[in-house]
Amino acid sequence: MSLERLQAMRSLLKSEMEKSETFSLVLEKTGTKLQEINTKLLSLEADVKVDKWRSLPFSDHIRHTISPISAVLRVFSTVQELERSLMSCKDVLGYVSDVKRLGEALKLLSSSCVLALTWLEETIQFLSENGMPEDHPCGLRFKTSIKHLKELQMTEARAYLSGGSLCTALENLETEFERILEEEEVLSESNMRKLKTIIKRLDAHCVPSYIKIRTRVIQKRFENGYLHKTFTEDDNVQDIEGDIDQWRFDMEIAVKEIYEFESKLCYQVFEDVHDVPLRCFGAIASNSGLLQLLRFGSRISKCKKSPPKLLKLLDCFSTMDNIRTEFNRLFRGELCSDIRRETRELISNLVKGVCEIFWELPCQVELQRPNNPSLDGGVPKLVSVVTEYCNKLLGDKNKPVLSKILEIDLGWKKEKYQEEILIGHIYNILREIALNLDAWSSSSKETALSYIFMMNNHSHFSGLRETHLGKMMGESWLSAHEQYRDYYAALYVKESWGKLLSLLTIKSQPARRKRARESIKRTLQDFANGFDEIYTKQSDWVVEDERLRWKICQAMVRTVVPRYKSYLQSYIMLLVEEDPMRPGNDLSYTPKGLEMKLKTMFQSKEETEKTYKCSHFVNKVMDLEVTQNSHLTFEAI
């Protein structure tokens, strides 16, 4: 029974185990289904949430955000088109227009980006506050758009950086601006239109370039080595006359042409910009070489003091005076203050330099008094130089300038200038010359030579009638010198020939004819020797005026030859008795020969040789006539 019960229980257990396995399989299948259901529920929950976010009224916010972004894209497209246009544009005016439009487009792009960014950020914030998930595709797309907009917002800034489109365009405009400024025809209508158009775009940025280019253009005009030379008191102004003349030319050209043109250019180019023309011109003038020109002029006054220097300083002052009106008109303003200061210093140096030399001129002439010139009877170099110098000072070119300088100098000393001051000082110079001449004449041991010396110098002064100096001194002064000239000429003739002619006194001759002939021949020989001695001694003396020389020679001929001829005629018969065929064969001079020789006095060597050739031919003819007619008298000869 127990076995049956055990078998029955085993069967029951086996049956229950089979049921349990079956139930387990069912439960397993049910769990899988539940898991699938749970997954579906979760997905459904997410879909419900999205549907719920979509069902909210957000479409207006999104639509309003899209509109600013579209505007940004359209503006950016315009920027790209303008950049491409600049690369192909060849016309300056068109190029400037495109540059202006590009700048405006870039500014619009930046402001459009700011507006679009504001809308996007506000929209994202609103959507997030109203349940939009962080990882929602719409939000992610909005965030990407924000990143791109910020990059586009930097387009304007990058355009102005080196290599940027607008920076390159502006550099191209500046290059064209500089190129036009270097052209010779910069003031042409076409160039002026281009310059003004570029200036409107570049604004104040073009001013430094303008100053730099125009300064460089002018500097090329003044590339002269002499401007860097320095002078000391040991330098003679004669050594730099060429540099001074070049400086005067450059100074006048600089003010009347170069800077006059530059001022006109500044005012035309910047006529629409207040105060810029004056500042530009001042900066250009102060840095382009004018200061160097003015300083060179001041350095001229440092040279050694001398009369030629005075004349050069007058020339320099005249140049500055000629440009004074233009100078005062052009170089105004604060930036030209250095130029005005250097100009005042230059004028001061010129005035002081002229006055120092001019007031000392009489003293300088007096200092030459101990230096006796080697007397040959001619006018000393000092006399001719000083009189010519005074003529230059009184000339139409120099006198007005000298008068103005003296007026300025006396004005600085609170004194009044009158023309009598200048005339009186010139008279003082001549007075010192006269004193020098008296001293030099007195120092000569040869009285006749001193007479020739004084005659020549009085002749020199009387010959100044048509000169400025002669007109200043007046007719009475000139006539007095003429009288003194003739007076000393007469003294010379008397002193030179009076003693010699005393030998030709006609005396009663010894009764014996032979002794009489010997006495006459001895007298004639003594006369010839004396004549030769005087002629030789005076052969190197000078009579500079040709007409005066002719008058002196004629006076000597009238004085000597008739007396000589008269003496010969008185004793001609005694000479004929000695040699009927050639009477007076032992004579050193015939009257004609004596006359010819007197006429060669004070002649140059060439003139003397020419006269003697003619005289030699005449004497040959006369000798032939004497041979043919033994009764021919010396009067005929």
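## Phe-531 and its aromatic neighbours

Phe-531 is buried, with a relative accessible area of 0% in this predicted model. Tyr-535 is buried too, at 12%. Both residues belong to helix H21 (residues 513-538), where they sit 4 residues apart, about one turn of the helix.

A search of the whole structure turns up 19 aromatic pairs. Phe-531 and Tyr-535 make a stacked aromatic pair, with 6.2 Å from centre to centre and 20° between the planes. Follow the ring pairs and you will find a cluster that links Phe-531 and Tyr-535 with Trp-497, Phe-527, Tyr-564 and Tyr-589.

## Helices H15 and H17

Now for a helix pair: H15 (residues 381-394) packs with H17 (residues 419-442) at an angle of about 170°, and their axes are 11 Å apart. H15 is therefore roughly antiparallel to H17.

On the H15 side, the contact involves Leu-382, Val-383, Val-386, Thr-387, Cys-390, Leu-393 and Leu-394. These meet Ile-426, Ile-429, Leu-430, Ile-433, Asn-436, Leu-437 and Trp-440 in H17. By residue type, the contact of H15 with H17 comprises 12 nonpolar and 2 polar residues, and no charged ones.

## Ser-286 in helix H10

Ser-286 is worth a visit as well. Ser-286 lies in helix H10 (residues 276-287) and is buried, its relative accessible area being 17%.

Two backbone oxygens come into play here. A polar atom of the Ser-286 side chain is 2.9 Å from the backbone oxygen of Gly-282, and the side chain of Ser-286 also reaches the backbone oxygen of Leu-335 at 2.7 Å. Leaving aside residues up to four places away in sequence, Ser-286 touches Leu-291, Leu-335, Cys-336 and Ile-339.

Conventions. Residues numbered from 1 in each chain as written. Predicted model: local features only at pLDDT ≥ 70, side-chain atom pairs only at ≥ 80, totals over all residues. Heavy atoms only, no water. Helix = DSSP H or I, 4+ residues; strand = E, 2+ residues; numbered from the N terminus. Buried < 20%, exposed > 50% of the residue type's maximum accessible area, 1.4 Å probe, protein only. Polar contact = N/O pair within 3.5 Å; in protein donor to acceptor, adjacent residues only side chain to side chain. Contact = heavy atoms within 4.5 Å. Axes fitted to C-alpha atoms, helices over the stretch in contact; angles between N-to-C directions. Parallel < 35°, antiparallel > 145°, perpendicular 65-115°, else oblique. Nonpolar A, V, L, I, M, F, W, Y, C, P; charged D, E, K, R; others polar. Phe/Tyr/Trp six-rings, centres within 6.5 Å; stacked < 30°, edge-to-face > 60°.
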